[in-house]
Amino acid sequence: MEFYNYLKSLHLIFVITWFAGLFYIVRLFVYQIEANDKPSPEKEILQKQYKIMTYRLWYIITWPSAILASFFAFWMLFFTDLGSAWLKMPWMHVKLGFVFVLYLYHLKCHQIYKQLQNDDFKYSSNFMRLWNEGATLILFAVVFLVILKNAINWIYGVIGIILFSVLIMLGFKFYKRIREKNKS
């Protein structure tokens, strides 16, 4: 059992660093896209710096964290007695579905990363801000699943964060209108 707890600890550490990398890489995408609208030479200076930063984050932190989190999860699930018990539970099947979605999100971020490294700007900074919420929703769903260990009740937590996000967005829009009105 103690060995299992070491595996679980390592898995959790690399899940945290994986999510940190995903959160920050998309924020860097926002900055890189916005730097593209700057005048020269500021544009070129910022673009060069953001390319270096995203490269280091993506290949030194985010990808290794994703691989190591998955490695330790695989080890726990398939090479321990407790893991084989978890695999029989419906909530774990839902969690693994979210892990699959997380990898799809990660791979899409990789595609965007490659496009930006090649100065191919297909997305707006506002799209990237919304895109960044995808990892947040996956994180909330997985945490509620793991803590509640229920294949259905996680939905309430995710609905709550979505409603909270909508309220925050409406608040920002309302504040922006007030600010623009006061400028006139």
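**Close-up views of a predicted model**

**View 1. Lys176 and the positive patch around it.** In this predicted model, K176 is found in helix α6, which covers residues 154-183. With a relative accessibility of 44%, K176 counts as partly exposed, since that class lies between the limits of 20% and 50%. Together with K173, R177, R179 and K183, K176 forms a positive surface patch.

**View 2. A stacked aromatic pair between helices α1 and α2.** A pair of aromatic rings is described by the distance of the centres and the angle of the planes. The count of aromatic pairs comes to 20 in this model. One of these is formed by F14 and F72, which are stacked, with 6.0 Å from centre to centre and 10° between the planes. Because F14 lies in helix α1 (residues 2-35) and F72 in helix α2 (residues 42-79), the pair ties together parts that are 58 residues apart in sequence. F72 has a relative accessibility of 10% and therefore counts as buried.

**View 3. A tilted aromatic pair within helix α1.** The rings of F19 and F23 form an aromatic pair that is tilted, at 5.9 Å centre to centre and with 45° between the planes. F19 and F23 are four residues apart in helix α1, so about one helical turn separates them. F19, at 6% relative accessibility, counts as buried, whereas F23, at 25%, counts as partly exposed.

**View 4. The aromatic cluster that includes Phe14 and Phe72.** The residues F3, F14, F71, F72 and W75 form one aromatic cluster, and F14 and F72 within this group are the stacked pair of View 2.

Key:
Residues are numbered from 1 along each chain as its sequence is written. This is a predicted model: local features need pLDDT of at least 70, side-chain atom pairs count only at pLDDT 80 or more; totals for chains, interfaces and linings use all residues. Side-chain values use heavy atoms; hydrogens and water are left out. Patches are made of residues with over 30% relative accessible area and no salt bridge: like charges are joined within 9 Å, nonpolar side chains (Val, Leu, Ile, Met, Phe, Trp, Tyr) within 5 Å. Accessible areas come from the Shrake-Rupley method with a 1.4 Å probe; for residues, only the protein chains shown count as cover. A salt bridge is a side-chain nitrogen of Lys or Arg within 4 Å of a carboxyl oxygen of Asp or Glu. Lys and Arg count as positive and Asp and Glu as negative; His and the chain ends are not counted. The place of a charge is taken as NZ of Lys, CZ of Arg, CG of Asp or CD of Glu. Helices (H or I, at least four residues) and strands (E, at least two) are DSSP runs, numbered from the N terminus. Buried means under 20% relative accessible area, exposed over 50%, partly exposed in between (1.4 Å probe, protein chains only). Rings of Phe, Tyr and Trp (its six-membered ring) pair if their centres lie within 6.5 Å; planes under 30 degrees apart count as stacked, over 60 as edge-to-face and the rest as tilted.
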